[in-house]
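Me: I'm new to this structure and would like a close look at one part of it. Could you take me through the inside and what is packed around it?

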Amino acid sequence: AIPFSRRDRFHDIIYGSGEKPTLNTRAYPSTYLQFISQHLVVGDHLVKMSLKFIAFGDSLTAGFIPTRIAHQPYTRFLQQHLEQFCTQNSLTDLQIQVLNRGVNGNLTSDMLLRFRWDVLNAQPTHVIILGGTNDLGWELHVDEIFANLIAMYTQACENNITPICCTVPSILGWDAGIPPRVRLNTHIQTY
């Protein structure tokens, strides 16, 4: 979301001289108008009318649940919750798409190799990055894992994609993995 106040140029672009939201086509060049026409006013923010999320990661993203041999990706629930939020807040013009790009068994190095194809080429507005669980399982060094994650965060930002950086959840029954997971999560949280 892009914060704005009624005193800045976005107010004039949207409202012109009135209080009803309309594009002020006389006062601003087409580049501003093109930008504004693709956004909604929500409270004191401009929000893109179309949000495209890509959930990118390993089996936790893919939705694989080994105890049930099931496929339940969190993206399905995320899509439902976002649609419900839009309905409850009268954001009927806001289109939301959530795509799942999780691959079972991926390490962050695998994710980095497919990042351009699965994320950048799809041109989402946001990418949810959850990786590192398998790396920790293979006892890769936390700094190596974090460097791969930073490379993905950086590529997303360089391509005007908002990265949503997720910490690695705990793994039931794997207490030896707690210290490196805590270190990795601390790096992610402070990034």
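The core and its surroundings

Reply: In this predicted model, the largest nonpolar core has 21 residues, and those with the most contacts inside it are Phe56, Phe115, Val127, Ile129, Leu149 and Leu184. Five elements give two or more residues each to this core: strand 4, helix 5, strand 8, helix 7 and helix 8. Helix 7 gives the most, with seven residues. There is also a second, separate core of eight residues, and Cys86, Leu91, Leu94 and Ile96 are among its members. As a bit of background, nonpolar side chains tend to be buried together in soluble globular proteins.

To set the scene, the protein has eight helices and nine strands. Of its 191 residues, 40% count as buried. Take the contacts with a separation of 6 or more: 65% of them come from residues 24 or more positions apart.

Let's start with helix 7, the biggest giver to the main core. Its 17 residues run from 142 to 158, and at 1.5 Å a residue they should span 24 Å; the end C-alpha atoms are 24 Å apart, so the expected and modelled spans agree. Which of its residues are buried? They are Val142, Ile145, Phe146, Asn148, Leu149, Met152, Tyr153 and Ala156. They cover an arc of only 155 degrees around the axis, so they sit on the same side of helix 7. The general idea helps here: an α-helix has 3.6 residues a turn, so residues three or four places apart point the same way.

What covers that buried set? The cover includes strand 4 (50-57), helix 5 (108-118), strand 8 (126-130), helix 6 (133-137), strand 9 (162-165) and helix 8 (178-190).

Leu184 gives a good view of how this packing looks residue by residue. Leaving out residues up to four places away in sequence, Leu184 touches Gly132, Leu136, Val142, Ile145, Phe146, Leu149 and Val168. Val142, Ile145, Phe146 and Leu149 are on the list of buried residues of helix 7. Now look at Asn185, which is in helix 8. With a relative accessible area of 8%, under the 20% cut-off, Asn185 is buried. Asn185 touches Thr167 and Val168, again not counting residues up to four places away in sequence.

Next comes the sheet. It is an open one of four strands in the order 7-4-8-9, with parallel pairing. Strand 7 (95-102) and strand 9 stand at the edges with a single partner strand each, so one side of each has no neighbour in the sheet. From one strand to the next, the twist averages 20 degrees. Strands of a sheet pair through backbone hydrogen bonds, either parallel or antiparallel.

Strand 4 and strand 8 run parallel and are joined by five bridges. Along this pairing, Gly57 stands opposite Leu130 in strand 8. Helix 4 (residues 74-88) packs on the sheet, where it touches strand 4, strand 7 and strand 8, and its direction makes about 170 degrees with that of strand 7.

Ala55 is a handy residue to find while you are looking at strand 4, which is where it lies. Is Ala55 buried or exposed? Its relative accessibility is 0%, so Ala55 counts as buried. The C-alpha atoms of Ala55 and Ile128 are separated by 4.7 Å, although these residues are 73 residues apart along the chain. Setting aside neighbours within four places in sequence, Ala55 is in contact with Thr61, Tyr74, Thr75, Leu99, Asn100, Arg101, Gly102 and Ile128.

Finally, go back to helix 7 and look at the loops beside it. Most residues other than glycine have a negative phi. Glu139, in the loop between helix 6 and helix 7, has a positive phi near 60 degrees. Glu139 counts as exposed, at 68% relative accessibility. Just after helix 7, Asn160 takes a positive phi of about 55 degrees. Asn160 lies in the loop between helix 7 and strand 9, and with a relative accessible area of 71%, Asn160 is exposed.

Terms used
Residues numbered from 1 in each chain as written. Predicted model: local features only at pLDDT ≥ 70, side-chain atom pairs only at ≥ 80, totals over all residues. Heavy atoms only, no water. Expected span 1.5 Å × (residues − 1). Buried < 20%, exposed > 50% of the residue type's maximum accessible area, 1.4 Å probe, protein only. Arc of directions from axis to C-beta. Contact = heavy atoms within 4.5 Å. Core = buried A, V, L, I, M, F, W, Y, C linked by side-chain atoms within 4.5 Å. Pairing = 2+ DSSP bridges. Axes fitted to C-alpha atoms, helices over the stretch in contact; angles between N-to-C directions.
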